Amino acid sequence: MKYKLATTCFVIGSVLAPVAAYAADSDKDRSKPATFVKDSVITTKIKTKLAAEHLGSAKHISVDTDKDGVVGLSGTANTQEEVNKAVQIARNTEGVKSVKSDLKVQKDR
């Protein structure tokens, strides 16, 4: 019985190993830890401010900061006012150079 369990685990591990090996890391900034931490701090500040504003759609807004201080906003918001507020919050955050918004107003609720 232990032999079958060990064999099964080995086969499953062998099948999943290539998946883990080819998984791409989307954060290229990790090669420079200081830059990665700085970008993470900016992203966290923006997410905290969005949550503090009690925007109903804050959970549907993704925030990503690149190494040059450019913030990308994506996802959906309930109204155009929430989109505008999210962009304003991002622009007014320390360390942000510019904001690229791909936020859409969710039409069906």
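**Figure 1. Overview of the predicted model and the order of its elements.** Among contacts in the protein between residues at least 6 apart in sequence, 59% join residues that are at least 24 apart. The model shown here is predicted, and the protein in it has three helices and three strands. Read from the N terminus on, these elements follow the order α-α-β-β-α-β. Of the 109 residues in the protein, 25% are buried.

**Figure 2. The open sheet of three strands.** The strands of this sheet stand in the order 1-2-3, and their pairing is mixed. Strand 1 and strand 3 are the edge strands, since each of them pairs on one side only, and the twist from one strand to the next averages 10°. Strands of a sheet pair through backbone hydrogen bonds, and this pairing may be either parallel or antiparallel. In this sheet, strand 1 and strand 2 run antiparallel and are joined by five bridges, whereas strand 2 and strand 3 run parallel and are joined by eight bridges.

**Figure 3. The hairpin of strand 1 and strand 2, with its bridge partners.** Four residues lie between the two strands of this hairpin, and G69 takes a positive phi near 80°. Across the pair, I61 stands opposite G75 in strand 2, V63 has L73 of strand 2 as its bridge partner, and D64 has G72 of strand 2 as its bridge partner. On the pairing of strand 2 with strand 3, L73 stands opposite S101 in strand 3.

**Figure 4. The two faces of strand 1.** In a regular strand the side chains alternate between the two faces of the sheet. Strand 1 shows this alternation: the side chains of I61, V63 and T65 point to one face and are buried, while those of S62 and D64 point to the other face and are not buried. Which residues is V63 in contact with, leaving aside its neighbours within four places in sequence? They are T43, I46, K47, L50, V71, G72 and L73.

**Figure 5. T43 of helix 2 and its contacts.** T43 has its place in helix 2, and its relative accessible area is 11%, so it counts as buried under the cut-off of 20%. Not counting residues up to four places away in sequence, T43 touches V63, D64 and T65. Of these, V63 and T65 are among the residues of strand 1 that point to the buried face, while D64 points to the other.

**Figure 6. The largest nonpolar core.** This core holds 17 residues, and those that touch the most other members are I46, L50, I61, V63, V71, L73 and V99. Two or more residues each are given to this core by helix 2 (33–52), strand 1 (61–65), strand 2 (70–77), helix 3 (80–91) and strand 3 (98–105). Helix 3 gives the most to this core, with five residues.

**Figure 7. Helix 3 across the sheet strands.** Helix 3 lies across strand 1, strand 2 and strand 3, and it runs at about 165° to strand 3. At 1.5 Å a residue, the 12 residues of helix 3 should span 16 Å, and the end C-alpha atoms of the helix are 17 Å apart, which agrees with that expectation. The buried residues of helix 3 are E82, V83, A86, V87, I89 and A90. Seen down the axis of helix 3, these buried residues fall within an arc of 160°, so they line one face of the helix. An α-helix has 3.6 residues a turn, so residues three or four places apart point the same way. On the other side of helix 3, E81 and R91 are exposed.

**Figure 8. E82 of helix 3 and its surroundings.** Is E82, a residue of helix 3, buried or exposed? E82 counts as buried because its relative accessibility is 13%, which is under the cut-off of 20%. Leaving aside its neighbours within four places in sequence, E82 is in contact with L55, G56, S57 and A77.

Terms used
Residues numbered from 1 in each chain as written. Predicted model: local features only at pLDDT ≥ 70, side-chain atom pairs only at ≥ 80, totals over all residues. Heavy atoms only, no water. Core = buried A, V, L, I, M, F, W, Y, C linked by side-chain atoms within 4.5 Å. Buried < 20%, exposed > 50% of the residue type's maximum accessible area, 1.4 Å probe, protein only. Contact = heavy atoms within 4.5 Å. Pairing = 2+ DSSP bridges. Axes fitted to C-alpha atoms, helices over the stretch in contact; angles between N-to-C directions. Expected span 1.5 Å × (residues − 1). Arc of directions from axis to C-beta.
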